[in-house]
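User: I am new to this structure and would like to understand on what grounds its features are named. Could you take me through the reasoning step by step?

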Amino acid sequence: MSELQKKTFVITRFDPDKDEVPKTQTYEIPVRPDWKVLDALNFIKDEVDGTLSHRWSCRMAVCGSCGMTVNGEPKLTCKTALSDYGDTLEVGPLSNFPVIRDLVVELEGFMEKFKAVKPWILRAKEKAPEEGVYRQSPEELEAFKQFSMCINCMLCYAACPVVGNEPDYLGPAAIALGHRYNLDSRDEGDVERNQVFREEGGVYSCSYANECSEVCPKNVDPAAAINQAKFLALVDWAKSFVSSPPRRK
Amino acid sequence: MGRLADPLAMSPSRPGRTRTAPPVMPAEFPAQGRYRSYMLFGACCVFFLLSSLLFLRVVNALATGPEAWDELLREFRHPLYLAYNVAALAGFVFTARRFLFQLFAKTQPPRIGPFPRPPLAVFSPVLGAAWLAATALIFCILWGAFP
């Protein structure tokens with residue numbers, strides 16, 4: 001027990017039944033040096049204040065549930081070591097999202113943006129099962145693999161300055177995933193997705209702050225995906241002067 | 001806590017049953033941390049706008065005649081113009097450094113038509129060499145190396 005040390009947590013609290021605006025509450029708790037921020041939140045929830053609400057699930061940076069802001073920066077709390085911080089930590093809900101309660105944010109807006117880019121394989125005509133599987137070479141896989149590592153933790157949305165100012169903006173994760181399917185050799189839905197990308201609130205809304213890529217815990221680099229999609233839009237626009245409109249791959 | 005974001009940011013198209021607290025902007029936005037560099041990058045567009053207007057003025061003077069051109073050159077010797085040129089140069093170098101050498105490479109898709117993307121590590125040296133060559137060329141022109 002000699003390993004225990006005290007740390008102070010300043011946590012944003014919001015009860016929709018009582019509070020007009022979020023407030024903060026301070027907890028001083030004993031922590032172990034190998035704890036993550038999520039361990040401390042779970043300790044507070046279990047031992048100090050059972051009314052604290054936060055989301056979490058896998059505890060190993062795979063499910064993307066425990067995204068919060070730690071000292072102002074979006075972090076996966078299960079991956080963020082307490083030892084990286086001083087004696088006091090401020091923990092709040094993700095920026096740019098409406099807050100349902102304490103550290104829990106509203107996800108429905110994110111899910112709507114996600115569905116808009118059709119993040120699944122679209123084919124003009126499906127192969128019959130007896131024709132076999134869709135084969136893909138390692139090079140074809142490499143083209144999109146990076147963008148398929150997204151765990152939908154929404155840290156990129158919390159870091160993006162455009163998301164907070166332009167409610168229609170599709171946002172980094174949705175565009176990165178749509179772009180991932182556009183690059184997939186098995187997919188034929190690029191024309192449909194590009195229509196969504198090139199509308200109001202699509203790729204042109206991105207002003208390349210690059211914050212989404214800075215905070216991404218899985219190194220997906222959504223800023224690269226958005227700006228690749230923007231660049232391909234430019235190429236298609238230039239091509240449109242000399243050829244017919246783009247068709248499905 | 002950051003300043004308030006647009007109240008509709010990341011809201012669902014139909015409001016849920018629970019009352020929510022309004023979204024706030026990232027805590028460090030706009031002037032702290034990495035956002036400072038981003039804001040400065042955006043602010044540098046002022047130099048591009050002013051320099052484009054200045055370029056139109058130069059073209060106009062050239063088209064008007066030798067007297068207008070001489071008058072323009074006299075104006076350009078004013079300390080305010082010189083100060084602007086120094087500030088604009090700093091702005092252009094900052095913009096080019098951030099975009100061309102930090103962000104540009106990854107904007108290139110894996111394939112552009114039939115052509116595969118060169119390795120990302122190649123971009124910075126090639127762009128740097130092109131920049132140096134262009135700077136040397138312009139320097140030579142201004143020096144009068146080409147009759």
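Analyst: Let us start with a definition: two residues are in contact if their C-beta atoms, placed from the backbone, lie within 7 Å. The model is a predicted one, and among contacts in chain A between residues at least 6 apart in sequence, 66% join residues at least 24 apart.

User: What makes up chain A, and how far does its C-alpha trace span?

Analyst: Chain A contains 8 helices and 7 strands, and its C-alpha trace spans about 70 × 40 × 30 Å along the principal axes.

User: What makes a residue count as buried, and what percentage of chain A does so?

Analyst: A residue is buried if 20 or more other C-beta atoms lie within 10 Å of its own, and 43% of the 249 residues of chain A count as buried. Strand 4 of chain A, residues 73–76, offers an example, since Glu73(A) and Lys75(A) point one way while Pro74(A) and Leu76(A) point the other way, and all are buried. In a regular strand the side chains alternate between the two faces of the sheet.

User: How do you know that strand 3 of chain A and strand 4 of chain A pair?

Analyst: Pairing requires at least two bridges between the strands; strand 3 (residues 67–70) of chain A and strand 4 of chain A are joined by 4 bridges, and therefore they count as paired, running antiparallel. One of the bridge partners in strand 4 of chain A is Glu73(A), which is matched with Val70(A). The hairpin of these strands has 2 residues between them, and Asn71(A) there takes a positive phi near 50 degrees.

User: Why is the crossing of helix 5 of chain A and helix 8 of chain A called left-handed?

Analyst: The term applies if the near helix is turned anticlockwise from the far one by less than a right angle. Helix 5 (residues 172–182) of chain A and helix 8 of chain A pack at an angle of about 60 degrees, with their axes 8 Å apart, and the crossing is left-handed, so the near helix is turned anticlockwise from the far one. Among the residues making the contact are Pro172(A) and Ile175(A) of helix 5 of chain A and Pro222(A) and Ala225(A) of helix 8 of chain A. By class, this contact has 8 nonpolar, 2 polar and no charged residues.

User: How many residues does each chain give to the contact of chain A with chain B, and which element of chain A supplies the largest share of its side?

Analyst: Chain A gives 41 residues and chain B gives 34 residues. On the side of chain A that touches chain B, the largest share, 6 residues, comes from helix 8 of chain A, and by class that side has 23 nonpolar, 12 polar and 6 charged residues.

Methods:
Residues numbered from 1 in each chain as written. Chains lettered and ligands numbered in written order. Predicted model: local features only at pLDDT ≥ 70, side-chain atom pairs only at ≥ 80, totals over all residues. Nonpolar A, V, L, I, M, F, W, Y, C, P; charged D, E, K, R; others polar. Axes fitted to C-alpha atoms, helices over the stretch in contact; angles between N-to-C directions. Buried ≥ 20, exposed ≤ 12 C-beta atoms within 10 Å, placed from the backbone.
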